[in-house]
Amino acid sequence: MTTDVATQQPAQPKLVVALQSMKPELERALPRHMSGDRIARIVLTEIRKNPKLAQSTPDSFFGSLLTAAALGLEPGVNGEAYLVPYEHRRGRLAGQVECQLIVGYQGVAKLFWQHPLAKRLSAEYVCEHDHFAYDKGLTLKLEHTPAQGDRGKVIGYYAIVELNSGGMAFDFFTPDQIQRLRNGKVGTSGDIADPERWMERKTALKQVLKLLPKSVELATAIRTDETVGSMAVGKAIASGSSLPELEYPDAEQSADVAPPPEEPAP
């Protein structure tokens, strides 16, 4: 007697199945030059690269995805944005995996240069052997000439933003200030190399951008990148309502990595 055994394909993660039904909503959130099919393919690639994404709660995953779509940023492409899963290890959310949208350095720059007033954008780190001088008084001044060869240890970061309307802002931050702004984080997560200090430079840049007029998209990107709240932001964007007030979760709700890891270095 011959027994036929049906060959079964492995079941697709629920998020992958749900992604197909989300395409119409993605299309509504996306700018005209972006395709819902393309975003869906990109997300499937991200899930294959990091299977833990498929364990994320649907609200956090699709909230992050809708936020990226509305901002016109493609996750995992050219360092614009990243979908990062992180797991709560204690409190009432223990064991739950949530997806967090991380806006990359390239994503912040892309949104800035889309503004009609954009003229200049710069973020640098300063080392102890560099020539560096600045004045934030009535006459603004900033001089920086990187040293040749050994520049020594990093002693600070600065960012400059200038508009073609004549508006300009810059600020300087010590490593301790940047560390506090990053909730105690130093460098990158895991084994990601970042010799050019892109994570810290992005932090300085976001602070200076707050001082000047900017597009709604850029303001939303900065706010999303600084909060564990892509789900709420995504829902607000999808419904057309105003953005909610967002805060970091308290200690009992926090994940084992807080805040979530940032984007890989370019």
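A cavity is here a set of grid points where a 1.4 Å probe fits but cannot get out. In this predicted model, the count comes to 1 cavity of 30 Å³ or more, and the space in the largest cavity is about 50 Å³. The lining of this cavity is formed by Phe112, His115, Val161, Leu163, Leu209, Leu212, Pro213, Lys214, Ser215 and Leu218. By residue class, the lining divides into 7 nonpolar, 2 polar and 1 charged.

The chain holds 9 helices and 7 strands. Of its 266 residues, 47% are buried. Among contacts between residues at least 6 apart in sequence, those that join residues at least 24 apart account for 62%. The exposed area of the chain is about 14,100 Å², of which carbon and sulfur atoms supply 50%.

Helix H5 spans residues 105–113, and its buried residues are Tyr105, Gly107, Val108, Ala109, Leu111 and Phe112. One of these, Phe112, is also among the residues that line the largest cavity. The cover over the buried residues of H5 includes four helices and strands from the earlier part of the list, namely helix H4 (58–71), strand S2 (97–103), strand S3 (118–127) and strand S6 (154–163), together with helix H7 (198–209) and helix H8 (216–225).Lysine 119 is found in strand S3. With a relative accessible area of 49%, lysine 119 is partly exposed, because this value lies between the limits of 20% for buried and 50% for exposed. Its contacts, leaving aside neighbours within four places in sequence, are with Phe112, Trp113, Glu162, Leu163 and Asn164. Lysine 119 and leucine 163 are 44 residues apart along the chain, yet their C-alpha atoms are separated by 4.8 Å. Leu163 belongs to the lining of the largest cavity as well.

Aromatic pairs in the model number 7. In one of them, phenylalanine 132 and tyrosine 134 have ring centres 5.6 Å apart and planes at 40 degrees, so the pair is tilted. The rings of tyrosine 134 and phenylalanine 172 are also tilted, because their planes are at 35 degrees, with the centres 5.1 Å apart. This second pair links distant parts of the chain: tyrosine 134 lies in strand S4 (residues 131–135) and phenylalanine 172 in strand S7 (residues 168–173), 38 residues apart. The angle of 35 degrees falls in the tilted class because stacked planes are under 30 degrees apart and edge-to-face planes over 60. Ring pairs join Phe132, Tyr134, Phe172 and Tyr158 into a cluster. Within this cluster, tyrosine 134 has a relative accessibility of 36% and counts as partly exposed, whereas phenylalanine 172 is buried at a relative accessible area of 14%.

Backbone geometry was considered at arginine 197, which lies in the loop between helix H6 (175–181) and H7. Most residues other than glycine have a negative phi. The phi of arginine 197, by contrast, is positive, near 60 degrees. Arginine 197 is partly exposed, with a relative accessible area of 31%. Helix H7, which follows this loop, is among the elements that cover the buried residues of H5.

Technical notes
Residues are numbered from 1 along each chain as its sequence is written. This is a predicted model: local features need pLDDT of at least 70, side-chain atom pairs count only at pLDDT 80 or more; totals for chains, interfaces and linings use all residues. Side-chain values use heavy atoms; hydrogens and water are left out. On a 1 Å grid over the protein atoms alone, a cavity is a set of points where a 1.4 Å probe fits but cannot get out, and a pocket is an open set with protein on both sides within 12 Å along at least five of seven lines; lining residues have an atom within 4 Å of a point. Grid points are joined across faces, edges and corners, and a volume is the space filled by probe spheres set on the points. Ala, Val, Leu, Ile, Met, Phe, Trp, Tyr, Cys and Pro count as nonpolar, Asp, Glu, Lys and Arg as charged, and the others, Gly among them, as polar. Helices (H or I, at least four residues) and strands (E, at least two) are DSSP runs, numbered from the N terminus. Buried means under 20% relative accessible area, exposed over 50%, partly exposed in between (1.4 Å probe, protein chains only). Contact means heavy atoms within 4.5 Å. Accessible areas come from the Shrake-Rupley method with a 1.4 Å probe; for residues, only the protein chains shown count as cover. Rings of Phe, Tyr and Trp (its six-membered ring) pair if their centres lie within 6.5 Å; planes under 30 degrees apart count as stacked, over 60 as edge-to-face and the rest as tilted.
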